[in-house]
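Good morning, and thank you for coming. Please take a moment to look at the sequence and the structure before I begin.

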Amino acid sequence: INAEYMGHDLPAPFADVNAVILEDWSCEINNKDNIGWSETYLESYFRKLKKKEPFIYGNTDLWLYRSLDYYKVQNKTVVVLGSKYAWYEAVALHYGAKNVTTIEINKPLNYDSRLNVIDPTEYKHSLILFDVAISISSFEHYGLGRYGDPLDTQGDLKSMAELKCMVKDGGLLFLAVPTGLDVLKWNSCRIYGPKRLPQLLKRWRLLNVYADANMFQLNYGKSTDHNFQPIYVLINDNSQKDFSKMNTRFLRDRFKLYSI
């Protein structure tokens with residue numbers, strides 16, 4: 001795979017992973033920028049949600065609302081993976097979740113009794129299983145060290161495998177990651193294309209994708225814009241270990257991607 005790195009301080013193992021390294025997006029390590037979550041904080045979000053207004057990720061938020069209209073989370077236990085503003089926690093509560101837990105490496109201060117906030121170490125001692133997981137624009141950062149996490153070329157893939165042990169059999173994952181050409185924007189994020197996206201999703205069965213079809217066709221395998229983030233709805237299906245081929249066929253047929 002053609003790989004070109006235009007910056008500096010790229011650890012050698014990252015030059016050999018299954019991604020095209022095109023851009024230097026060097027970011028300062030950020031592991032202290034936490035915001036306190038209060039009840040008034042969430043109430044302001046609920047007002048937006050009543051109007052179905054997007055907040056953080058624009059189209060991705062709108063696609064998430066559509067997916068939650070169909071795949072219900074009412075009376076279910078929900079975990080949100082990676083969170084700074086408690087927006088997606090508010091989304092889950094707005095759609096009727098029984099309770100919401102956030103797992104965040106940089107644990108925010110929480111003053112709202114409706115939310116439970118823990119870090120990954122605390123979760124490992126809890127043995128909790130959730131009905132539903134929501135992760136919006138988080139997995140692309142795992143293993144890049146930007147948020148104080150350990151460097152790991154497979155950090156995103158390992159985290160997806162670990163998530164299977166956190167969600168009940170038959171439980172759902174609502175996932176958004178940058179989708180386009182396979183790119184590592186060191187050390188900001190990854191973009192997932194025809195090579196790495198199947199690796200990321202392979203232990204989960206793809207049920208649906210919420211995105212504009214034309215935008216998907218224009219971006220998938222082509223664009224280095226990290227702002228295009230569809231909603232992938234996946235199920236924790238233990239009937240087989242690798243759904244890569246099935247998921248790729250789904251994407252090909254759903255979006256008429258006959259070149260993959």
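**Strand 2 and its partners**

I begin with a single pairing: V80 stands opposite I134 in strand 5. Before I go on, please note that this is a predicted model, in which local features need pLDDT of at least 70 and side-chain atom pairs count only at pLDDT 80 or more, while totals for chains, interfaces and linings use all residues. Residues are numbered from 1 along each chain as its sequence is written, and side-chain values use heavy atoms, with hydrogens and water left out.

Strand 2 covers residues 77-81, and strand 5 covers residues 130-136. Strands here are DSSP runs of E with at least two residues, helices are runs of H or I with at least four, and both are numbered from the N terminus. Two strands pair if DSSP finds at least two bridges between them. Strand 2 is joined to strand 5 by 3 bridges, and these strands run parallel. With strand 3, residues 99-103, strand 2 shares 5 bridges, and the two also run parallel. Between strands 2 and 3 the chain passes through helix 3, residues 87-94, in a right-handed β-α-β crossover. Right-handed means that, with the strands pointing away from the viewer, the path from the first strand over the helix to the second runs clockwise.

Is strand 2 enclosed or open? Because 5 of its 5 residues are buried, strand 2 is largely enclosed by the rest of the structure. Buried means under 20% relative accessible area, exposed means over 50%, and partly exposed lies in between, with a 1.4 Å probe and protein chains only. In a regular strand, side chains alternate between the two faces of the sheet. In strand 2, T77, V79 and L81 lie on one side, V78 and V80 on the other, and all of them are buried.

Let us take T77 as an example. T77 has a relative accessible area of 14%, which is why it counts as buried. It stands opposite N99 in strand 3. Which residues does T77 touch, beyond those up to four places away in sequence? They are K98, N99, L129, F130, D131 and V132, where contact means heavy atoms within 4.5 Å.

**The chain as a whole**

The secondary structure of the chain comes to 8 helices and 10 strands. The chain has 260 residues, and 49% of them count as buried. Its accessible surface, from the Shrake-Rupley method with a 1.4 Å probe, is about 12300 Å², and 51% of this belongs to carbon and sulfur atoms. Of the contacts between residues at least 6 apart in sequence, 70% join residues at least 24 apart.

**Helices and the loops that follow**

Helix 2 allows a simple check of length. The expected span is 1.5 Å times one less than the number of residues. Helix 2 has 12 residues, 59-70, so it should span 16 Å, and its end C-alpha atoms are 17 Å apart, which agrees. The buried residues of helix 2 include W63, L64 and L68.

I turn next to helix 7, residues 213-219, which holds N219. N219 is buried because its relative accessible area is 11%. Its side chain has a polar atom 2.7 Å from the backbone oxygen of M215; a polar contact is a pair of N or O atoms within 3.5 Å, in which, within protein, one must be able to donate a hydrogen and the other to accept it, and residues adjacent in sequence count only if both atoms are side-chain atoms. Leaving aside neighbours within four places in sequence, N219 is in contact with T179, G180, L181 and F228.

G221 lies in the loop between helix 7 and strand 10. How many residues along the chain separate G221 from L181? They are 40 residues apart, yet their C-alpha atoms are separated by 4.0 Å. G221 is partly exposed, because its relative accessible area is 29%.

**Two residues with positive phi**

Most residues other than glycine have a negative phi. K52, which is not a glycine, has a positive phi of about 55°, and it sits in the loop between helix 1 and helix 2. S137, also not a glycine, has a positive phi of about 55°, and its loop runs between strand 5 and helix 5. Are these residues buried or partly exposed? K52 counts as partly exposed because its relative accessibility is 37%, whereas S137 is buried because its relative accessible area is 9%.

Thank you for your attention.
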